[in-house]
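Reader: I am new to this structure and would like a guided look at it. Could we go through it step by step?

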Amino acid sequence: LIPLLLCAVLMVVVIVLLGKWYSKRLSSFSHVMHRAAEGDFEAEDPTIERVQDEIWELNQDLHVMIDDIQKLNETAMQERIQKEQLYSRQKDVELKMLAAQINPHFLYNTLENIRMMASINHEKDIADMALTLTKYLRSVLDVSGELKTLGWEMKMVESYIKIQNYRFGDRITSEIIYSKEQADRYMIIPFVIQP
């Protein structure tokens with residue numbers, strides 16, 4: 001009877017010790033989990049890693065989940081940065097578009113003033129050059145991606161050559177021969193011929 005009693009006492013002691021040990025491991029895991037829930041993703045307890053049991057498996061799963069959360073946070077941060085950069089670029093483009101709308105009008109008005117001053121002072125060549133440049137710039141700056149007639153393109157070529165003639169005088173000679181009626185029938189991409 002005494003050996004049986006000793007065996008029972010020993011079993012109770014082992015069960016109590018194992019219960020305390022298991023309870024301590026569970027408490028350590030609970031502590032790590034609470035710290036992770038508060039955002040401390042570096043929280044670890046080395047005592048959990050000593051034995052590969054159910055608590056160890058839960059701890060492994062927790063760290064996989066933490067890695068996934070960190071990756072999601074990083075992805076969300078990258079997306080936020082990209083959105084902010086895109087918003088910043090959009091604002092830059094809007095400002096440039098606004099400047100592009102203002103600058104041509106300023107340029108046209110200035111050239112028109114030069115033309116009028118030249119006309120008043122009987123400077124026909126200067127007035128003609130200002131008018132030609134204004135027409136040329138209007139065409140260049142107003143082009144969208146749409147097709148233009150070959151006739152439109154040829155007028156741009158003529159304006160360009162006229163401006164170059166004012167710049168270089170007799171050093172440039174040119175002769176443009178084409179059928180104006182046929183040129184107005186064909187559509188082409190703008191500024192294919194002039195460059």
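Author: Let us begin with a definition: a salt bridge is a side-chain nitrogen of Lys or Arg within 4 Å of a carboxyl oxygen of Asp or Glu. Please bear in mind throughout that this is a predicted model.

Reader: How many salt bridges does that rule give?

Author: The count comes to 4 salt bridges. As general background, side chains of opposite charge can pair when their charged atoms come close.

Reader: What is the distance in the one between R25 and D53?

Author: The side chains of R25 and D53 meet at 2.7 Å, N to O. R25 belongs to helix α1 and D53 to the loop between α1 and α2, so this pair ties together parts that are 28 residues apart in sequence.

Reader: Are those two residues buried or exposed?

Author: Both R25 and D53 are buried. For R25 the relative accessibility is 3%, and buried means under 20%, so R25 falls in that class.

Reader: Which residues does R25 touch, apart from its sequence neighbours?

Author: Not counting residues up to four places away in sequence, R25 touches T47, I48, V51, D53, I55 and W56. D53 is thus both a contact of R25 and its salt-bridge partner.

Reader: And I55, what is that in contact with?

Author: Leaving aside neighbours within four places in sequence, I55 is in contact with Y22, R25, L26, F29 and I48.

Reader: Which residues make up the largest nonpolar core?

Author: That core has 7 residues in all: F29, V32, A36, I48, I55, L62 and I66. The elements giving two or more residues to this core are α1 and α2, the latter spanning 54-120. I55 is a member of the core, and its contacts include two other members, F29 and I48.

Reader: Y22 was also a contact of I55. Where is Y22?

Author: Y22 is in helix α1, which covers residues 2-37. Its relative accessibility is 34%, so Y22 counts as partly exposed. Y22 also helps to make a nonpolar surface patch of about 610 Å², together with L10, V14, L18, W21, L26 and V51.

Reader: Let us go back to salt bridges. Which residue pairs with E112?

Author: E112 forms a salt bridge with R115, and their closest N and O atoms are 2.8 Å apart. Both are in helix α2 and lie 3 residues apart, which means that about one helical turn separates them. E112 is partly exposed, because its relative accessible area is 30%.

Reader: What does D128 pair with?

Author: D128 meets K162 in a salt bridge, at 3.1 Å from N to O. D128 is in helix α3 and K162 in helix α4, so the pair ties together parts that are 34 residues apart in sequence. K162 counts as partly exposed, at 34% relative accessibility.

Reader: How many aromatic pairs does the structure hold?

Author: The structure holds 1 aromatic pair. Y136 and Y160 form it in a tilted arrangement, with 6.0 Å centre to centre and 45 degrees between the planes. Y136 lies in helix α3 and Y160 in helix α4 (residues 150-168), and the pair links parts of the chain 24 residues apart. Helices α3 and α4 are therefore linked by this aromatic pair and also by the D128 and K162 salt bridge.

Reader: Which of the two tyrosines is buried, and which is partly exposed?

Author: Y136 counts as buried, at 12% relative accessibility. Y160 is partly exposed, with a relative accessible area of 32%.

Reader: What about L131, where does that residue lie?

Author: L131 lies in helix α3, which runs over residues 124-142. At 32% relative accessibility L131 counts as partly exposed. The C-alpha atoms of L131 and N165 are separated by 14 Å, with their positions 34 residues apart along the chain.

Reader: Now the loops. Where is H122, and what is its phi?

Author: H122 lies in the loop between α2 and α3. Its phi is near 55 degrees, a positive value in a residue other than glycine. Most residues other than glycine have a negative phi. H122 counts as exposed, at 72% relative accessibility.

Reader: And E38, is that buried or exposed?

Author: E38 counts as exposed, since its relative accessibility is 70%. E38 lies in the loop between α1 and α2. Its C-alpha atom is separated by 25 Å from that of R50, 12 residues away along the chain.

Notes
Residues numbered from 1 in each chain as written. Predicted model: local features only at pLDDT ≥ 70, side-chain atom pairs only at ≥ 80, totals over all residues. Heavy atoms only, no water. Helix = DSSP H or I, 4+ residues; strand = E, 2+ residues; numbered from the N terminus. Buried < 20%, exposed > 50% of the residue type's maximum accessible area, 1.4 Å probe, protein only. Patch = residues over 30% accessible without salt bridge, like charges linked within 9 Å, V, L, I, M, F, W, Y side chains within 5 Å. Areas by Shrake-Rupley, 256 points an atom, 1.4 Å probe, with all protein chains shown as cover. Core = buried A, V, L, I, M, F, W, Y, C linked by side-chain atoms within 4.5 Å. Contact = heavy atoms within 4.5 Å. Phe/Tyr/Trp six-rings, centres within 6.5 Å; stacked < 30°, edge-to-face > 60°.
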